[in-house]
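I opened my notebook on this one with a few simple lookups in mind. Here is what I went through, in order.

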Amino acid sequence: MYSKREKELFHQAYQEVDKHKYTVSQDPFRLHYHIMPPVGLLNDPNGFIHFKGVYHLFYQWNPFATEHGSKFWGHFSSTDLVNWVEEPIALAPSEWYEKNGCYSGSAVEHEGKLILFYTGNVKNKEGNRETYQCIAISEDGLHFQKKGPVIHLPKGYTAHFRDPKVWKKKDTWYAVIGAQSERGEGRAVLYSSKDLFTWNLLGPIAGSNLNGLGNFGFMWECPDLFELNGHDVLIVSPQGLNPKGYFYHNLYQAGYFVGQMDYEKAAFKHGEFVELDRGFDFYAPQTTLDEKGRRILFGWMGVPEENESYHPTIHYHWIHCMTIPRKLELKNGKIYQQPVEELQVLRDKQVAYPNVHLNGNTIELEQVKGKAVEMMIDSITSHTASIEISFRGTARFIYDPIEKLATFERQSLKENKMEKRHCPLQSLHKIHIFLDASSLEIFLNDGEEVFSSRIFGNPSDETIMFSSNGDTGFHLKKWNLKKIF
């Protein structure tokens, strides 16, 4: 089934896993319940799908270095979104049309088969990029037979043309692809097909200088178009946005447009772009619709080219992780993200502090600490005093009700200083926190806003501190979370 070259690449990757297995396991920043690579570099979530009762999550993987290179597709599966099994490598860059990487893509089910769509990346003899949208088919969801390119680069676009997301509406298949026009403008380009092999170009549905958007980046990566609560949502990761007020301060962004997709006219009428996550580390999210009717999202807890070489985990031969899985809902035109309820099975040793009171002081609650922690803070009473939570002496969350501003700050990975991200927030009544050995995800007001970031401090420091500049009260529950990985 597999070519000789594929088998060679699989073998080399598994050798790399075995070679560094012990070193990787010794890293104190190795996470407890987040998906990570067994070795090397992980980035974009790919092919996320609920197939025959099993969740499959593929991911961009360079097993040979902690830098970006010729990508494989790694593969995890789960029946419950909590306990994940590392499956055999799905794709390796073995063929002429993908020799420099099996880049990002998606998965669909058709006639009982699991079908992957991905971008084949090629650097030719002159060093120029070539790009091909490719297909691979599996009978069992584990072993894939490549069928080669099904979409070639159309006129009017550069070879930055990648990341196909495929779905079916009525009797037609559609694919949206991230692109760059020859004028250097980011695009989301739509195709249609009746059989998944012959594709028709319908044209760009959104992009820089389209739909009244104005200049909005030089490349749009990892598009994802889906229906949510009666509206159409386009998630995309634009590159080349300049900071604007409190927004767009990471090197690259990930966010969404809400609107209505006209499939007959291949036109998407949409509103403003909204960032999905306000933290330092969130990019290239992908969603799927599961058998319960939920729209579930995974994001890469990282940003390409942004201080990656300063992550301390590279000394242990690995880098990056996924976010926890999140359920999406659309309320009043805004996406809310909440941790999937299945994660509650990780909870252990609940402690509760029903009436915490702060009056301009700093406190440490005796049993509120740990390496892997979930924490729920609600019934926040103050309308004038700020609330601050400090994590391990290396990160802080602050809400100022006067300024109506939420702030997250952490120790910079590159310099000996604190760096900050901000988000306007009219009020704060609930904080839901997932803390792991080197990550922090903070959900505000049932997912109205989220801050996701990697944090690296003293591995032996498990302290969590609370403070306020005035009279503040809240209820708190805390759980230790079981180790999965």
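**Strand pairing, a lone phenylalanine, and the cores**

I started with strands E5 (residues 102–110) and E6 (residues 113–123), which run antiparallel and are joined by eight bridges. I kept in mind that the model is predicted. Looking for the partner of serine 106, I found phenylalanine 117 in E6. The hairpin of E5 and E6 has two residues between the strands, and there glutamate 111 takes a positive phi near 55 degrees. I also checked burial: seven of the nine residues of E5 are buried, so this strand is largely enclosed by the rest of the structure.

Next I went to phenylalanine 280, in the loop between strand E17 (274–275) and strand E18 (283–289). Is phenylalanine 280 buried or exposed? Its relative accessibility is 3%, so with buried meaning under 20%, phenylalanine 280 counts as buried. Beyond its neighbours within four places in sequence, I listed its contacts, among them Asn250, Val303, Phe408 and Arg410. From phenylalanine 280 to tyrosine 157 I noted 31 Å, C-alpha to C-alpha, with their positions 123 residues apart in sequence.

Then I turned to the nonpolar cores. The largest has 47 residues, and Ile35, Trp61, Trp84 and Phe298 touch the most other members. Elements giving it two or more residues include helix H1 (4–25), strand E1 (40–51) and E18. H1 gives the largest share, five residues. I followed isoleucine 35 outward: leaving out residues up to four places away in sequence, it touches residues including Leu42, Trp84, Phe298 and Phe485. Apart from this core lies another, of 35 residues, with Phe391, Leu428, Ile455 and Phe466 among them.

Methods:
Residues numbered from 1 in each chain as written. Predicted model: local features only at pLDDT ≥ 70, side-chain atom pairs only at ≥ 80, totals over all residues. Heavy atoms only, no water. Buried < 20%, exposed > 50% of the residue type's maximum accessible area, 1.4 Å probe, protein only. Helix = DSSP H or I, 4+ residues; strand = E, 2+ residues; numbered from the N terminus. Pairing = 2+ DSSP bridges. Contact = heavy atoms within 4.5 Å. Core = buried A, V, L, I, M, F, W, Y, C linked by side-chain atoms within 4.5 Å.
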